[in-house]
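Subject: Handing over a structure, with notes on how its parts pack

Dear colleague,

I am passing this structure on to you and would be glad if you looked it over alongside the notes below.

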Amino acid sequence: MRIVIAGGHGRIALRLERLLSHAGHEVAGIIRKPEQGNDLREAGAEPVVLDLESASVEMVAAVLQGADAAVFAAGAGPGSDAARKETVDRAAAVLFADAAERAGVRRYLVVSSMGADARHPGDQVFDAYLRAKGAADDDIRARTALDWTILRPGSLTDDAGTGLVRLEARTGRGPVPRDDVAAALAELLDTPATAGLTLELTAGSTPLSVAVKAVAGN
């Protein structure tokens, strides 16, 4: 498959790019800064420099042309203000989905967040983040032209992945290594029957492939 990842220099995205390229897929990662390109090349991905906060739908659709799947893994990141949660975590996800539709790319995966909710209360930046993520998820779930899957990980850690997870519509809060989030995304890409599902992910006791088959109904 050819897979295009928004937020290609993120810590989950770089792990996913390595997994997909090692599995023989063609991977492109969208980045904002040209100097990030070498990290993507080392991960086996083609870097594409494009700012999703200022790009048009047509520009993003051109990158997605011919792709088999799109993964939105971008985020404003820690230290960003509430305004950028809106422009990146919500608006860029919507733009990427619009572009996927325009390019005819049906498979669309979103890295969301546990607790994402467009109606989440509060005045802190993290509250704005959860609202932005929730609004983006709502937008994508309303689309019929995309075979979407939304993954909502728990608290992200840099611990080594174990391949043992809990993957369900509701898991309750808990930590999960970024390694296992990337592995879950790779497995979901290979499992079209997970389209239309919003899934939470934490560390657990079930082998990842078994957990994905279970939610896919296999």
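The notes that follow take the sheet, then the helices on it, then the contacts between helices.

Please keep in mind that this is a predicted model, in which local features need pLDDT of at least 70 and side-chain atom pairs count only at pLDDT 80 or more, while totals for chains, interfaces and linings use all residues. Residues are numbered from 1 along each chain as its sequence is written, and side-chain values use heavy atoms, with hydrogens and water left out.

The sheet

Helices (H or I, at least four residues) and strands (E, at least two) are DSSP runs, numbered from the N terminus. The sheet is open and has 9 strands in the order 3-2-1-4-5-6-10-8-11, with mixed pairing, where two strands pair if DSSP finds at least two bridges between them. Its edge strands, each pairing on one side only, are strand 3 and strand 11 (206–207).

At one edge, strand 2 (residues 26–31) and strand 3 (residues 46–49) run parallel and are joined by 4 bridges, with Ile31 standing opposite Val49. Strand 2 and strand 3, together with helix 2 (residues 37–42), make a right-handed β-α-β unit; right-handed here says that, with the strands pointing away from the viewer, the path from the first strand over the helix to the second runs clockwise. At the other edge, strand 8 (residues 164–168) and strand 11 run antiparallel and are joined by 2 bridges, and there Val165 stands opposite Thr206.

Helices on the sheet

Helix 4 lies across strand 1 (2–6), strand 2, strand 4 (69–72) and strand 5 (107–111), and runs at about 175 degrees to strand 4. Helix 5 also packs on the sheet, touching strand 4, strand 5, strand 6 (147–153) and strand 10 (197–203), and its direction makes about 155 degrees with that of strand 6. Axes are lines fitted to C-alpha atoms, for helices over the stretch in contact (heavy atoms within 4.5 Å), and angles run from 0 to 180 degrees between N-to-C directions.

Helix against helix

How do helix 4 and helix 5 pack? Helix 4 (residues 82–103) and helix 5 (residues 125–141) have their axes 8 Å apart, at an angle of about 15 degrees, and are therefore roughly parallel to each other; angles under 35 degrees count as roughly parallel, over 145 as roughly antiparallel, 65 to 115 as roughly perpendicular and the rest as oblique. Helix 4 passes helix 5 in a right-handed crossing, a crossing being right-handed if the near helix is turned clockwise from the far one by less than a right angle, and left-handed if anticlockwise. Among the residues that meet are Ala93, Val94 and Ala97 in helix 4 and Ala128, Tyr129 and Ala132 in helix 5.

Helix 1 (residues 11–22) and helix 6 (residues 178–189) pack with their axes 8 Å apart at about 50 degrees, which makes helix 1 oblique to helix 6. Their crossing is right-handed, and the residues that meet include Leu16 and Leu19 in helix 1 and Val181 and Leu185 in helix 6.

Helix 6 also packs with helix 7 (residues 208–216), at an angle of about 45 degrees and with axes 10 Å apart, so helix 6 is oblique to helix 7. This crossing too is right-handed, and in it Asp180, Ala183, Ala184, Glu187 and Leu188 in helix 6 meet Leu208, Ser209 and Val212 in helix 7.

With best wishes
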